[in-house]
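Welcome! Here is a short tour of one protein model, with the cut-offs spelled out along the way.

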Amino acid sequence: PLLAPNRVASMGGAYAGYAQGIDGFVSNAASPAVRHPNSLTWWDQDIDASISFPLRLTDNNDFDNSGDLDADYSNFIYLSGGLQLQAGPFGTGFFGDLQRYELSFANEEDATVVTVGRYHLLVGWGFLNHQLNVGLGLRAMTLSIEAPTADLTFAGFSPQVGILVRPDWMPFRIGATYRHQVAANFSIGSGQSTDELGVVRAGALVIPSNVELPWELEIGAAVQGGARPRRGGAQAPAEGR
C-alpha cells in the first residue's frame with residue numbers, strides 16, 4: 001500500500017506546494033526551513049509520531065499478484081515519526097516510516113516477517129524572509145526479511161533537493177522536489193540458500209538481486225482563499241507584525 005502522513009495522503013502531490021511541518025518532509029526537501037504561521041521565535045522545534053493497523057476487509061489475499069492465494073498476508077503495521085529543528089532561517093530534521101507485515105506459507109511453521117523502511121534526512125534555508133526556501137538531503141530505504149532460516153537486510157540511499165516559493169504579497173505557494181533513484185544493491189545478514197534451479201531464497205521467498213525506489217520529480221501548488229492571517233517568522237516578535 002502507498003501510505004504517508006494523513007495530510008500528505010489527503011492532499012496528494014499538492015502538498016509539495018504547501019510543505020509545512022514534519023509531514024512535508026516526504027513531499028518537499030525544502031520543508032525543514034518552512035515556518036508555521038504561529039512560529040514567532042528565533043528557535044522552534046517539533047516532534048511527531050503515528051502508528052496505524054489497517055484492517056483486512058476481504059479474503060482476497062494474493063500477496064504477490066500471482067492469481068493464487070499461496071501466502072497468508074497479515075499483521076500489517078505502519079509506523080512513522082520525525083523531528084524538526086529550526087533556528088532563524090535554518091532548518092533541519094528527520095522523518096522515517098516503517099511498513100511491517102507477516103507472510104505465512106504452507107511449507108513453513110513460522111511466518112516470514114518483511115519490514116520496509118523509508119527515511120529522509122534534510123537541511124534547509126529560508127531566503128528573503130522565508131519567501132524562498134531551499135533544501136537538500138538524503139533519502140534512504142531498507143528492506144528486511146526475517147525468515148525461519150534467514151535474516152537479511154537490503155539498504156541504500158541517494159540525494160534529493162527541493163525548493164518552495166511563497167511570496168508575501170500573493171496567496172499562493174509553488175514547490176518542487178527532485179529525488180534521485182535509490183538502489184539497494186547490497187545486503188547484510190545470513191541464511192540465504194540456493195535451490196536446485198539456482199534461485200536464491202530466504203525461507204520460501206525469492207531474494208531480489210537489488211531493491212529500488214525510482215527517481216521522482218514532484219511539483220505542487222497551494223492557493224489560499226479568504227482572509228490571510230499574519231505569518232509568523234524568526235526575524236521579529238509578534239508585536240512588530
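## Paired strands

How many bridges join E3 to E4? There are 14, and the two strands run antiparallel. Strands here are DSSP runs of at least two residues, numbered from the N terminus, and two of them pair if DSSP finds at least two bridges between them. Within E4, Gly-124 is the bridge partner of Gly-91.

Strand E3 (residues 90–104) is also joined to strand E2 (residues 72–87) by 14 bridges, again antiparallel. Leu-79 stands opposite Leu-98 in E3. Two residues lie between the strands in the hairpin of E2 and E3, where Gly-88 takes a positive phi near 60 degrees.

## How the values were obtained

This is a predicted model, with local features needing pLDDT of at least 70 and side-chain atom pairs counting only at pLDDT 80 or more, while totals for chains, interfaces and linings use all residues. Residues are numbered from 1 along each chain as its sequence is written, and side-chain values use heavy atoms, leaving out hydrogens and water.

## A nonpolar patch

On the surface, a nonpolar patch has about 1100 Å² of accessible area together (Shrake-Rupley, 1.4 Å probe, only the protein chains shown counting as cover); its residues include Phe-90, Trp-125, Leu-128 and Trp-215. Patch members have over 30% relative accessible area and no salt bridge, and nonpolar side chains are joined within 5 Å. A salt bridge means a Lys or Arg side-chain nitrogen within 4 Å of an Asp or Glu carboxyl oxygen.

Strand E4 (112–127) gives the largest share, three residues. Leu-128 sits in the loop between E4 and strand E5 (132–147), and it counts as exposed (over 50%) because its relative accessible area is 62%.

Terms used. Patches are made of residues with over 30% relative accessible area and no salt bridge: like charges are joined within 9 Å, nonpolar side chains (Val, Leu, Ile, Met, Phe, Trp, Tyr) within 5 Å. Helices (H or I, at least four residues) and strands (E, at least two) are DSSP runs, numbered from the N terminus. Buried means under 20% relative accessible area, exposed over 50%, partly exposed in between (1.4 Å probe, protein chains only).
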